[in-house]
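Reader: I should be grateful for a close look at a single part of this model. Please choose one strand, follow it through its surroundings, and give the reasoning behind each step.

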Amino acid sequence: MSQQVVSELEIDEYTLGLVGPEQEWAGTVADGGLVRTHTPPACWGPMITPKFRGGHEVTKPIAVEGAEVGDAIAIKIRDIEVTSVATSTGSMDEREGAFGDDPFVDHKCPECGTEWPESVVEGTGEESIRCAECGANASSFAFEYGITTVFDDEYEVGITVDEEAAMDLAETAEEAIALPEHSRQHPILLYGPSEMPGTLGHLRPFIGNIGTTPPIEMPDSHNAGDFGQFLIGAGHEWGLADEEELAQRTDGHMDINAVREGAILVCPVKVDGGGIYVGDMHANQGDGELALHTTDVSGHTEFEVELIEGLDIDGPLLLPNEEDLSHIAKPYSEDDRERGRALGAEYDVDVETDAGPIQVIGSGATINDATQNAFDRAGDLLGMSEGEVRTRCTFSGGVEIGRLPGVVQLTMLAPMDVLQERGIAHLVRDQYEL
């Protein structure tokens, strides 16, 4: 880990799909400092590049000055800028023989058997990724149903294109997807999928994989309770014995579309320094990421960091933009408070009017498991029974699906005095101008 502490840090170097304390650190930023990252697309590019050990290409980890195990780090996302002009995505097919236990992790050439082979690009299309040893198609993935999407200059809308346009983009894939200099993936635009041309979609860029380093090495795409299930009992070197080992995750891979410009993400520190990493920028995504993949793009992210000492959380907390909250979870207006106090006077009860919205992230094998995980985490954070958590979330919050099969946002209006005791009330007050 770098011992030099800087107030601003720029990162444009990446791992080969792994996160963990043994990865080379990118540097150390001061508490209150600013970080700028330049990241390549995740998911599809690393998925079709056989030398990757995980499904994403994320930054090397960043240390925060003074961060120790048991603390937390608030990541305040100030700016997200997409640089790709196009990308390809869709639902996937796995290529038989091109992997062992896990098509995202233990790649091998289906012809010569070389593990994590170096590869070269020959032409375009789904046969273009070739083993450098024997020349066979070495990619683990093809499209079941795929699209190529282009974006307008303001990144407000995108459209899907036809075969001719998709193949034109495939010819200039690295330029169109704007791969950063140090990226080591093959761009997914090479495949040139062209289903459902002419479909128009709204864009809203966000970060799908952002968080802190777990205390064990694992594939970056599997640092979550749902994708992490594939590690349990796996025969490759990142296999885990059971759920207890998987509990060391930090849930950096969330695919929650509210993790966007203006949001604050509070992440657990499970290794000294924290080890923030960033990647998997998306141009847009509906709740649930129902195709399992979305519009992966290159881009710049800028965020500030703040150390929260002794918060001791198991997984992330999210303070989304107010417009991303449901109606019943929005902060109380002064009119709400006045009406509440009037009802309290009528029924002779003190009314809790000082509260703020928080989202507790949960993950697990299924949506139900993820929600239970969020109940447990919320109870630990707020000192509440599960019954109180469930009731508060029903009356003044809810649960949203971040990603299927198992990432959720559990929302509630939490009492501000409790948040004050936990050391995060100031974040909530600043975020929602309370």
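**Strand E9 and its surroundings**

Author: In this predicted model, strands E6 and E9 run antiparallel and are joined by nine bridges. Within this pairing, Ser88 stands opposite Thr148 of E9. E6 spans residues 86–94, and E9 spans residues 141–151.

E9 also pairs with a further strand, E10, which comprises residues 157–160. This pairing is again in the antiparallel sense, over three bridges. Here Thr149 of E9 stands opposite Thr160 of E10. E9 and E10 form a hairpin with five residues between the strands. In that hairpin Tyr155 takes a positive phi near 55°.

The burial of E9 may be considered next. Eight of its 11 residues are buried, so E9 is largely enclosed by the rest of the structure. The cut-off that underlies this statement is a relative accessible area under 20%. As a general point, side chains in a regular strand alternate between the two faces of the sheet.

Helix H2, residues 163–171, is one of the elements in contact with E9. The buried residues of H2 are Ala166, Leu169 and Ala170. These residues cover an arc of only 105° around the axis, which puts them on the same side of H2. From there they pack against both E6 and E9, and also against helix H3, residues 173–177. The two strands joined by nine bridges are thus both met by the buried residues of H2. The face of H2 turned away from its buried side carries the exposed residues Glu164 and Glu171.

A second helix, H9, offers a parallel case elsewhere in the chain. In H9, which covers residues 425–432, Ala425, Leu427, Val428, Gln431 and Tyr432 are buried. Their arc around the axis is only 160°, which puts them on the same side of H9. The elements against which they pack include strand E5 (72–82), strand E16 (299–308), strand E18 (355–363) and helix H8 (416–422). Just after H9, Glu433 takes a positive phi of about 55°.

For contrast with these buried positions, one may turn to the surface. Leu343, Tyr347, Val349 and Val351 form a nonpolar patch there, with about 400 Å² of accessible area together. Tyr347 lies in helix H5, residues 334–347. With a relative accessible area of 59%, Tyr347 is exposed, because the cut-off for that term is over 50%.

Definitions and conventions. Residues numbered from 1 in each chain as written. Predicted model: local features only at pLDDT ≥ 70, side-chain atom pairs only at ≥ 80, totals over all residues. Heavy atoms only, no water. Buried < 20%, exposed > 50% of the residue type's maximum accessible area, 1.4 Å probe, protein only. Helix = DSSP H or I, 4+ residues; strand = E, 2+ residues; numbered from the N terminus. Arc of directions from axis to C-beta. Contact = heavy atoms within 4.5 Å. Patch = residues over 30% accessible without salt bridge, like charges linked within 9 Å, V, L, I, M, F, W, Y side chains within 5 Å. Areas by Shrake-Rupley, 256 points an atom, 1.4 Å probe, with all protein chains shown as cover. Salt bridge = Lys/Arg side-chain N within 4 Å of Asp/Glu carboxyl O. Pairing = 2+ DSSP bridges.
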